[in-house]
Amino acid sequence: MRDFSFIKRLTACVLAASLLLAGCGTVQDAVWPDSELLDGESGYIYYITNRGRTKNYEHFVRFDVAKRKRETIDFGKRVWPIHWDIRGDLFVGSFGNSASSADTTQIVSISSKKVLGKLKNVFMNISISPDLTKLAALQWVKKAVAKRTPQSFYMLGDICHLKVFDIPSGRLIAKADKLALGDGLCWSPDSKNVVFVSFADDALFHGKQPEGAVHGIGIGHDPKGRFPKHLHTFNLETQKTTVITKGIYPFQIGETQEIAFSRNDNLFKFRFPN
């Protein structure tokens, strides 16, 4: 493991995209904190802007990093993105007046606007496999809590089921026995393993809120670090889970085939063995 080498560039890109997501910029007036940070880079950045002048719904925008060009993609209705794959040109999410009112997750080709598949649930997090044939999804179960005092409790996160679906058919092809947390999800480069987050101690999944307690505080307020979260892999061939290391929010770095993750407010990365 080692420190994430391009944290400055990543932070600048995320900051710019976040401003646009929040409606602080438009397709016409977006400004990067430092445009030189994108020199020599390629790929796409996707975002939503609600500053459209001719439509009463948000616009889905794709920014080509190499060409410095933006393309507005109009689906004809409001779109709620969950995940998109920059190499496969696939978008996963829901359509409708609000994300909470949707009951179907759709897999859509961004360029052709064609629906490639549908799932009958809306998930907390979704990740498309690098071979573009499978979806890993976190389905919410309940909140994870732990007693702090008789009047208060720690809020530890969202407990989820980890499920894997076939993209063309929407068929469920695997489900991990181990419960997951809603702290990120990604794939190994060979599409054979799903990287997810879970408690180091399974007993934490069964914590209960003290009767009568109404005050909940975040996990970061625990001075003793009693609720560690670890990265795990779920292997589709063996159906087994394996712990990797302490961390949260994993994501794949496309160019290097590495997995990056967060630990104690720092970014690290590792490589799957060949």
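1. Starting with the secondary structure: the protein has one helix and 20 strands. Keep in mind that this is a predicted model. Of its 274 residues, 46% count as buried. The accessible surface comes to about 14600 Å², and carbon and sulfur atoms account for 50% of that.

2. On contact range, take the contacts between residues at least 6 apart in sequence: 48% of them join residues at least 24 apart. Two C-alpha pairs picked up below (points 5 and 7) span 30 residues and 56 residues of chain.

3. Now for the sheets. One is an open sheet of three strands, ordered β2-β3-β4 and paired antiparallel. Its edges are β2 (44–49) and β4 (69–73); each has a single partner strand, so one side of each is left without a neighbour in the sheet. Neighbouring strands here are turned by 25° against each other on average, direction ignored. If you want a register check, β2 and β3 (residues 59–64) run antiparallel and are joined by six bridges, and Tyr 47 stands opposite Val 61 in β3.

4. Another open sheet has four strands in the order β5-β6-β7-β8, again with antiparallel pairing. The strands at its edges are β5 (79–85) and β8 (115–119), each pairing on one side only. From one strand to the next, the twist averages 25°. Between β5 and β6 (residues 90–95) there are six bridges, in the antiparallel sense. For the register, look at Val 79: its bridge partner in β6 is Phe 95.

5. Staying in β6, have a look at Gly 93, which belongs to that strand. Is Gly 93 buried or exposed? Its relative accessibility is 0%, so Gly 93 counts as buried. Setting aside neighbours within four places in sequence, the residues in contact with Gly 93 are Trp 80, Pro 81, Ile 82, Thr 104, Thr 105 and Gln 106. Trp 80, Pro 81 and Ile 82 fall in the range of β5 (79–85). There is also a C-alpha separation of 8.9 Å between Gly 93 and Phe 123, which are 30 residues apart along the chain.

6. Next, the aromatics. The count comes to six aromatic pairs. One of them is Phe 270 with Phe 272, a tilted pair with 5.6 Å centre to centre and 50° between the planes. The label follows from the angle, because planes under 30 degrees apart would count as stacked and those over 60 as edge-to-face. Both Phe 270 and Phe 272 are buried. These two also belong to one aromatic cluster, together with Phe 261 and Phe 268. What sits over the ring of Phe 268? The charged end of Arg 263 does, 5.1 Å from the ring centre.

7. Last, another phenylalanine, Phe 251, found in strand β18 (residues 248–253). At 30% relative accessibility, Phe 251 counts as partly exposed, whereas Phe 270 and Phe 272 are buried. The cut-offs explain the label, because buried means under 20% and exposed means over 50%. Phe 251 and Val 195 are 8.5 Å apart in space, C-alpha to C-alpha, with their positions 56 residues apart in sequence.

Notes
Residues are numbered from 1 along each chain as its sequence is written. This is a predicted model: local features need pLDDT of at least 70, side-chain atom pairs count only at pLDDT 80 or more; totals for chains, interfaces and linings use all residues. Side-chain values use heavy atoms; hydrogens and water are left out. Two strands pair if DSSP finds at least two bridges between them. Helices (H or I, at least four residues) and strands (E, at least two) are DSSP runs, numbered from the N terminus. Axes are lines fitted to C-alpha atoms, for helices over the stretch in contact, and angles run from 0 to 180 degrees between N-to-C directions. Rings of Phe, Tyr and Trp (its six-membered ring) pair if their centres lie within 6.5 Å; planes under 30 degrees apart count as stacked, over 60 as edge-to-face and the rest as tilted. Buried means under 20% relative accessible area, exposed over 50%, partly exposed in between (1.4 Å probe, protein chains only). A charge sits over a ring if NZ of Lys or CZ of Arg is within 6 Å of the ring centre and within 35 degrees of the ring normal. Contact means heavy atoms within 4.5 Å. Accessible areas come from the Shrake-Rupley method with a 1.4 Å probe; for residues, only the protein chains shown count as cover.
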